[in-house]
Amino acid sequence: MSATKKDFLDLAGWPVAELKHILSLATVLKSERQPSQPRLAGKSLAMIFEKASTRTRVSFEVGMYQLGGQAIFLSRHDTQLGRGEPIEDTARVLSRYVDGIMIRTFSQEDTIVLSRHATVPVINGLTDMLHPSQVLADVFTIQERFGDIRKVKVAYVGDGNNMAHSWINAAMRFGFDLQLACPDGYHPDAKILARARKEADSEINVVDEPLQAVQGAQVVNTDVWASMGQEEEAEKRRRVFAPYQVNDQLLAVAAPDVMVLHCLPAHRGEEITAAVFSRFQEFIFNQAENRMHVQKALLATLLGGEK
């Protein structure tokens, strides 16, 4: 394994100074749009997709192209993973072909096993446990609007899922106050929450009432009620999460300059009303665009040694 190899599996594993460096570089890359120098010329990124995606695939693929490199899409059905090849062997083989691997899969453990056996950087493009590249871009979006995120009160309303876990890790690293409202039985992972509360110098709380979480919040974030792989639970979840909808009544207690974010896809009429989505869609689509700029900065750092 290369002594300089570094992975991006979660926000908790990175020093805040390095995360801030990535966000600073993202600002430069966004301003250039088409980067002035091909930072990753001749470099290749393998992208393993065990879950479908629009934004993750396109933002990474176009990002690599704009940096002068190339991305290779690999679905489970088109690779030997679909025929039972151990992920350890896939890591070893791909490491001999490409300069980095992005994986979007179910199990966080698979990303860890992949990173242990790969000799090139591994990026977590989403697991059931964490979605760090999305939330890093969300932090970037908040900073664009409000500046210093440490002074911003953030609320998360909905399922205590991979997005909630990554928001908790982001609050721990970046030092902003975070209030999460999650139904009983759908709270975030206790270990992730306990670590964040131990290490953070900010408030990170989980409450049952959405109104309590959103009170005075400048950023309100939500996610779909039934993620990929939970389709059979969709009807039950619609009943459980109905009181957690982001609507005008809920936002009435937020800060006057509140910004609503959504990682998409959005189910209007479920986790967010059509009216609220429409009112805040400029922020939401900026948030989607920022995936590419932040991931370009991440790729330039991990694959290109950008300082």
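This text walks through the strands of one chain, beginning with a parallel sheet and ending with a second strand pair. The model is predicted.

Start at strand β1, residues 44-49. Of its 6 residues, 6 are buried. In a regular strand, side chains alternate between the two faces of the sheet. For β1, Ser-44, Ala-46 and Ile-48 point one way. Leu-45, Met-47 and Phe-49 point the other way. Residues of both sets are buried, which here means under 20% relative accessible area.

Now look at the neighbours of β1. Strands of a sheet pair through backbone hydrogen bonds, either parallel or antiparallel. With strand β2 (residues 70-75), β1 shares 6 bridges, and the two run parallel. Across this pairing, Met-47 stands opposite Phe-73. How does the chain get from β1 to β2, and what is the hand of the crossover? The path goes through helix α2, residues 55-66, and this β-α-β crossover is right-handed.

Strand β3 (residues 100-104) also pairs with β1. Here 5 bridges join the strands, again in parallel. Met-47 reappears in this pairing: its bridge partner in β3 is Met-102. So follow Met-47 to read across three strands, with Phe-73 in β2 and Met-102 in β3.Next comes β4, joined to β3 by 4 bridges and running parallel to β3. In this pairing, Arg-104 has Leu-126 of β4 as its bridge partner.

Put the pieces together. The 4 strands form an open sheet in the order β2-β1-β3-β4, with parallel pairing. Which strands stand at the edges? They are β2 and β4 (122-126). Each has a single partner strand, so one side of each is left without a neighbour in the sheet. Neighbouring strands are turned by 20° against each other on average, direction ignored.

Helix α2 packs on this sheet. The helix touches β1, β2, β3 and β4. Its direction makes about 175° with that of β1.

Finally, move further along the chain to strands β8 and β9. Strand β8 covers residues 219-222 and is joined to β9 by 4 bridges. These two run parallel. Val-219 stands opposite Met-259 in β9. Are the faces of β9, residues 259-262, covered or open? Both faces are covered. Met-259 and Leu-261 lie on one side, Val-260 and His-262 on the other, and all are buried.

Conventions
Residues are numbered from 1 along each chain as its sequence is written. This is a predicted model: local features need pLDDT of at least 70, side-chain atom pairs count only at pLDDT 80 or more; totals for chains, interfaces and linings use all residues. Side-chain values use heavy atoms; hydrogens and water are left out. Buried means under 20% relative accessible area, exposed over 50%, partly exposed in between (1.4 Å probe, protein chains only). Two strands pair if DSSP finds at least two bridges between them. A crossover is right-handed if, with the strands pointing away from the viewer, the path from the first strand over the helix to the second runs clockwise. Axes are lines fitted to C-alpha atoms, for helices over the stretch in contact, and angles run from 0 to 180 degrees between N-to-C directions. Contact means heavy atoms within 4.5 Å.
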